[in-house]
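User: I would like a close look at the empty spaces inside this protein. Please keep the account plain, and go through the residues around them.

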Amino acid sequence: MARDKQKRSCGQVLAEWRAFVWDPRSRQVLGRTATSWGLILLFYLLFYGFLAGLFALTMWVLLQTVDPHVPKYQDRLATPGMMIRPRTETLDVAFNVSAAETWQHYVRLLHDFLEPYNDSVQAARNAACRPGRYHEQPDEAVPNVPKRACRFARSALGPCAGLGPPGTAFGYAAGRPCVLLKVNRVINYFPGENKSINVVCAAKREEDAARLGEMAMFPPNGTIDLMYFPYYGKRVHVNYTQPVVAVQFLNATANEDHHVECRLNAAGLRADDERDKFAGRVAFRLRINRD
């Protein structure tokens with residue numbers, strides 16, 4: 001039976017570690033000479049430099065195929081999405097009529113959103129386009145020529161424009177709230193097949209329609225004029241102001257949840273795809289509490 005090795009003292013262990021870190025006889029640091037360390041560092045420098053250069057080259061080649069003005073792939077955007085304002089994380093608009101602090105932030109969000117829509121701003125920045133037809137602006141052999149945007153006057157939203165006395169507060173102070181609906185921008189999108197388009201809103205379930213009550217749409221009938229299409233992209237279509245539609249709930253039953261769905265009504269557009277609940281439509285919850 002082999003005898004157990006004698007235990008080394010702490011001094012011996014420490015001496016061995018010192019010799020490993022720096023051996024004065026072989027002039028090695030951590031078990032390698034300066035030449036060995038230099039060759040290893042040179043190898044990794046060249047190796048990672050090559051990888052970085054290869055990555056930079058592939059990114060440069062990729063960027064040569066990308067148009068900064070138009071997305072390369074738009075095949076998944078046949079139907080634009082919709083969203084509401086005031087914007088909330090859960091798509092809920094809930095407040096108490098008698099507690100101003102529960103709806104003042106909605107009013108503030110709507111004012112901030114509509115500020116670029118002020119009539120004076122639109123008159124200074126955008127053009128008075130001919131309604132009822134697409135506002136096409138061809139490049140005429142000069143690519144990416146800046147395009148003029150059509151005016152969308154805030155006053156077209158009627159009582160949902162927020163231009164009346166401060167106490168009206170988009171109808172929230174009276175329990176008749178306004179919700180704005182906007183269609184997401186899609187470059188070179190021509191909705192409606194040259195026919196008028198509009199937004200329609202209703203209770204998600206027919207049996208809840210009576211409790212939701214009457215609604216008013218602004219502009220009338222929730223119309224979105226064709227002159228706001230096509231959209232040519234942020235870099236080219238300077239000052240583009242996308243059209244919005246306002247829906248005001250005039251007598252929704254208080255202290256109850258109302259599930260509302262708004263859809264874009266346009267020829268050739270489907271808004272019933274259950275795989276994408278935001279394609280051409282948006283659903284939100286409305287609750288108006290009264291003490």
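How many cavities of 30 Å³ or more are there?

Analyst: The model is a predicted one. Rolling a probe the size of a water molecule over the atoms shows where empty space is left. By the rule used here, the count is two cavities of 30 Å³ or more.

Start with the largest cavity, whose volume is about 80 Å³. One run of its lining residues is Val183, Asn184, Arg185 and Val186, and Tyr189 also belongs to the lining. The rest of the lining consists of Ile224, Phe229, Tyr231, Tyr240, Gln242 and Pro243. Sorted by class, these residues are eight nonpolar, two polar and one charged.

The second largest cavity holds about 40 Å³ of space. Its lining includes His135, Gln137, Arg148, Ala149 and Cys150. Met227, Tyr228, Phe229, Pro230, His237 and Tyr240 complete the lining. By class, the lining divides into seven nonpolar, three polar and one charged. Two names are worth checking in both lists: Phe229 and Tyr240 line the largest cavity, and Phe229 and Tyr240 also line the second largest cavity.

Lys147 can be read alongside the second cavity. Lys147 sits in the loop between α4 (119–125) and β5 (178–183). Its relative accessibility is 6%, so Lys147 counts as buried. Leaving aside neighbours within four places in sequence, Lys147 is in contact with Gln137, Asp139, Tyr232, Val236, His237 and Val238. Of these, Gln137 and His237 are also lining residues of the second largest cavity. The side chain of Lys147 has a polar contact of 2.7 Å with the side chain of Asp139. The Lys147 side chain also reaches the backbone oxygen of Val145, again at 2.7 Å.

A pocket, unlike a cavity, is open, and one pocket shares residues with the largest cavity. The second largest pocket contains about 180 Å³ of space. Phe113, Pro116, Tyr117, Gln122, Arg125 and Asn126 are among the residues that line this pocket. Lys182, Arg185, Asn239, Tyr240, Thr241 and Gln242 make up the rest of the pocket lining. Arg185, Tyr240 and Gln242 therefore appear in this pocket lining and in that of the largest cavity, as lining residues have an atom within 4 Å of a point. By class, the pocket lining has four nonpolar, five polar and three charged residues.

For the packed part of the protein, turn to the largest nonpolar core, which has 65 residues. Leu157, Tyr172, Leu181, Val199 and Phe284 have the most contacts inside this core. Phe284 serves as an example. Not counting residues up to four places away in sequence, Phe284 touches Ile84, Leu91, Val179, Leu181, Phe249, His258, His259, Val260 and Cys262. Leu181, one of these partners, is itself among the residues with the most contacts in the core.

Ser98 gives a contrast in exposure. At 53% relative accessibility, Ser98 counts as exposed. Ser98 is in the loop between β4 (92–96) and α3 (104–114). The Ser98 side chain makes polar contacts with the side chain of Asn96 at 2.8 Å and with the side chain of Asp291 at 2.6 Å. Ser98 and Ala173 are 75 residues apart along the chain, and their C-alpha atoms are separated by 7.6 Å.

Notes
Residues are numbered from 1 along each chain as its sequence is written. This is a predicted model: local features need pLDDT of at least 70, side-chain atom pairs count only at pLDDT 80 or more; totals for chains, interfaces and linings use all residues. Side-chain values use heavy atoms; hydrogens and water are left out. A nonpolar core is a set of buried Ala, Val, Leu, Ile, Met, Phe, Trp, Tyr and Cys residues joined through side-chain atoms within 4.5 Å. Buried means under 20% relative accessible area, exposed over 50%, partly exposed in between (1.4 Å probe, protein chains only). Contact means heavy atoms within 4.5 Å. On a 1 Å grid over the protein atoms alone, a cavity is a set of points where a 1.4 Å probe fits but cannot get out, and a pocket is an open set with protein on both sides within 12 Å along at least five of seven lines; lining residues have an atom within 4 Å of a point. Grid points are joined across faces, edges and corners, and a volume is the space filled by probe spheres set on the points. Ala, Val, Leu, Ile, Met, Phe, Trp, Tyr, Cys and Pro count as nonpolar, Asp, Glu, Lys and Arg as charged, and the others, Gly among them, as polar. Helices (H or I, at least four residues) and strands (E, at least two) are DSSP runs, numbered from the N terminus. A polar contact is a pair of N or O atoms within 3.5 Å; within protein, one must be able to donate a hydrogen and the other to accept it, and residues adjacent in sequence count only if both atoms are side-chain atoms.
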